[in-house]
Amino acid sequence: MYRETEIIQDNANGGLNAGDGDLIINVGPQHPATHGVLHLVITLNGETIKKVEPHLGYIHRSIEKMCESLSYRQFIYVTSRMDYLSAHINNHACAMCVEKGLQVEIPPRAQAIRVLMDELTRIASHELWWGAMAMDLGAFTPFFHAFRERETINDIMEETCGARLTMNYMVPGGVMHDLHPNFQRRVKEFLGLYKRKIHEYDELVTGNVIFQSRMKNVGVLSAADAVSYGCSGPTARGSGVSCDIRKLYPYEIYDKVEFDEVLETGGDSFARYMVRIREMQQSIRIVEQLIDNIPEGEFQAKTKAVLKLPKGEFYTRVETARGELGVYIVSEGTTTPYRIKFRSPGFSNLSVLDHIARGSKLGDLVAMMGTLDLVIPDIDR
Amino acid sequence: MFIGKYIKDIWAGIRSLLVGMKRTLYYFTHHKEIITQQYPDNRDTLELPERFKGEVVMPHNENNEHRCTGCQACELACPNGTIKVIFKNELNAEGKKKKAIDKLVYHLELCTMCNLCIEACPSDAIKMAQTFEHSVFDRNQLTKVLNKPGSKIMDGVE
Amino acid sequence: MWSFAHIANELHNWLSNQFNPTWTLIIEMVIAGVAVIGLFAMLGLILVIMERKVSAWMQIRLGPNRVGPKGMLQSLADTLKLLVKEGLTPDGADKLLFNVAPFIAMIVAMLLLAPIAFASNFQLWDLNIGVLYVSAVSSLMVISILMAGWSSNNKYSLMGAMRSGAQIVSYELSAGLSVLAVVVMSGSLQVSDIIESQRNGWWIFKGHIPLIIAFITFIIAVTAETNRAPFDLAEAESELTAGFHTEYSGMKFALFFLAEYVNVFIVCSIGATLFLGGWMPFHIGNWTGFNHAMDYIPSSIWFFGKTFFLIFVIMWFRWTFPRLRIDQLLNLEWKYLLPISMINLLVVTAMAILGWHF
């Protein structure tokens, strides 16, 4: 990778003391490429990046503190607003943590529904990421093509869960409603559509020579760095770090379905891109296995009207579309949590941005931010 | 050989670009693939799924009766303080004082459509409506009273 | 006949009968100026709606369909909106340069219209170095962009302008070299001569592969020269918000916008003139019947048809490809396009000397 060594050495004085001829520009909080209110203070030398400093807090809603005043049934809905693109998976993590405290065994049907919903959410999230990332690189058309498939998933969600984005479908003990009678048919329609259109992704973006040259050898993250910065999800898997929670610490029925953990060893933006593209296909595989084999039975375990967790600490983790989400609940034995901490994947993934961006061009920063798949409310909470 | 690789690179690049252009040309000429929904025009044919969470409503029957007992389960279940139950005392048939709801105030501007109140309601008195065009000019209009004026509790609902 | 040339002649004769030669010339210049401004306004409206429809259909959308029949008046409505908007000048801006820059962009675009032959014998100014004039004047375009970027006193604008400067200066070269290929073949810099030399076949057909290569390099280079995607680094929405025109609003922004589209039209019309025979109809060998039928189509329709086809191709690029990075952009020019077009020019010269064309 092309780097100017003197630039790296220059940063001894650190921070905003720019040298002669350095240009400090503020990307964000309102900027077309940040997809939210991320604020990056970038020190530039010409077009070359010397330093990237993310400033957070523009969308801090103190969700963790809010959760402390909500009951164990109520706090789950707030977590949809963290990583709004994988709302189901966030809710899933919280519901699982509460179930762990209550020691409730959830029925197999509810487990299958949860996994199905998680994987559909993952596909929808990756679709949006794909379109938005292509748009950051200047190709507008893939954005609309990605939305065609994503809308189909949103329609399925709307029919079964009643909402398109913040569904609040997972409740402690199972799921809120049973599946809609049309669910299986519509998921199969979606699978058909997806398979018909999958080759377009290669034609429009993946195979494109401009796209590849924008992506390859850009923002190289080594496996050691990925581990030390605490990256997870596709960001770390693009560097060859095996970290799929679904494989390593299987929850629900992930140990019973067949799928591969997607690993790429490049560590550059293109590797991260390919991880997500291939992950979509693995999710399709999981959905295909489950859609005809949803067990009959209850969709919700019997729980008390007022939930009280025993005194103690509970931690669960799940694999969201962006990486590892950890939910940590400290309970004092009352109806509300004493303390809640979310370990969000976006925050750790953002922290590598400065490391991988130094020495590359301003245009590359957009590609890196695209492939880190940042969702700003997830970073700030 | 250098020249061979150079020409090969150029050819592969041009080919990948042409493949992309073929794809966009396909969509340029195939207007049947267009997915635009012309929203305000298709209002009449717009069908929302029955589970769609638009706003909380309280169904009344033809005798202006609802099923709400005023148990406050929804008020307790709501994470945002969206629902307020205001009571009144009224005399029942035997002349005994009985507690009944005066108003069930619903703050649409606070509601996040999480569906927890509907799940909590023991007597199915409230449900989600499929309306979604909620914008108004005055935010006071978003504070709604769910029970209709003069409405009573349905017989047999405890 | 209602050809453009006929109308122009009739007008000239009528004016000559009414006034003395000096006044005739002045009145004709005024008419030409008004016609050019009218053409600009029309082009702006047509090309904007065309771009929006092309992009919409490629993106499986409907595109504008509310204002007027099938949304055809949408760009008129947009122009009205831009006209009544406030043209803001930032406090820290260099006010003179800031306000002059959009007009320079427009004036350059207008100057470029002079040597273009819109129909047979219908040309504002058939100067004997027409092609040289076009490549000389079109490089002035960068000055307006640099002025706008510098005077805005905005870092994004400045970066956009600097990128654009590097880009236009580099791509001038291969655009010039590919134009030279045609000049070498036809042996003249005069636009009317070049068109005349294509009477028995367009250069893209009778120039064999070298002129096809020249045509491709020309299209790529002019796409870059007009700052259109995938070479829109001067604007680079996701990197520089709006590049050199970040601070512009209202009609001053609209002038930049219009100048971009007019420039696209001009480079495409030059491409059509040099490579696709300008207003010459499409003829195939000795199919006299077919050739005769083609002759019935008016020359202006041939010219605009070819031009709009090239414009469509450039729009097609824009809505398909991602944007290049600045170093890749320069690599493409200096490592690929320039060597290729230089060798190509050499081959074309050999062909012209040896007479290896039809």
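Two residues are in contact if their C-beta atoms, placed from the backbone, lie within 7 Å. The model is predicted, and local features need pLDDT of at least 70, side-chain atom pairs count only at pLDDT 80 or more, while totals for chains, interfaces and linings use all residues. Residues are numbered from 1 along each chain as its sequence is written, and chains are lettered from A and ligands numbered from 1 in the order in which they are written.

**Exercise 1.** Describe the contact of chain A with chain B.

Solution. Begin with the residue counts: chain A gives 20 residues to the contact and chain B gives 21 residues. Next, look for the helices (DSSP runs of H or I, at least four residues, numbered from the N terminus): H6 (141-161) and H7 (183-206) of chain A each supply at least two residues of the side that touches chain B. The largest share of that side, 4 residues, comes from H6(A).

**Exercise 2.** Find the edge strands of the open sheet with the order E1-E2-E3 in chain A.

Solution. Strands are DSSP runs of E, at least two residues long, and two of them pair if DSSP finds at least two bridges between them. The 3 strands of this sheet have antiparallel pairing. Strand E1 (23-27) and strand E3 (48-55) of chain A each have a single partner strand, so one side of each is left without a neighbour in the sheet.

**Exercise 3.** Follow the pairing of strand E2 of chain A with E3(A).

Solution. Strand E2 (residues 39-45) runs antiparallel to E3(A), and 7 bridges join them. As one position to locate, Leu44(A) stands opposite Ile49(A) in E3(A).
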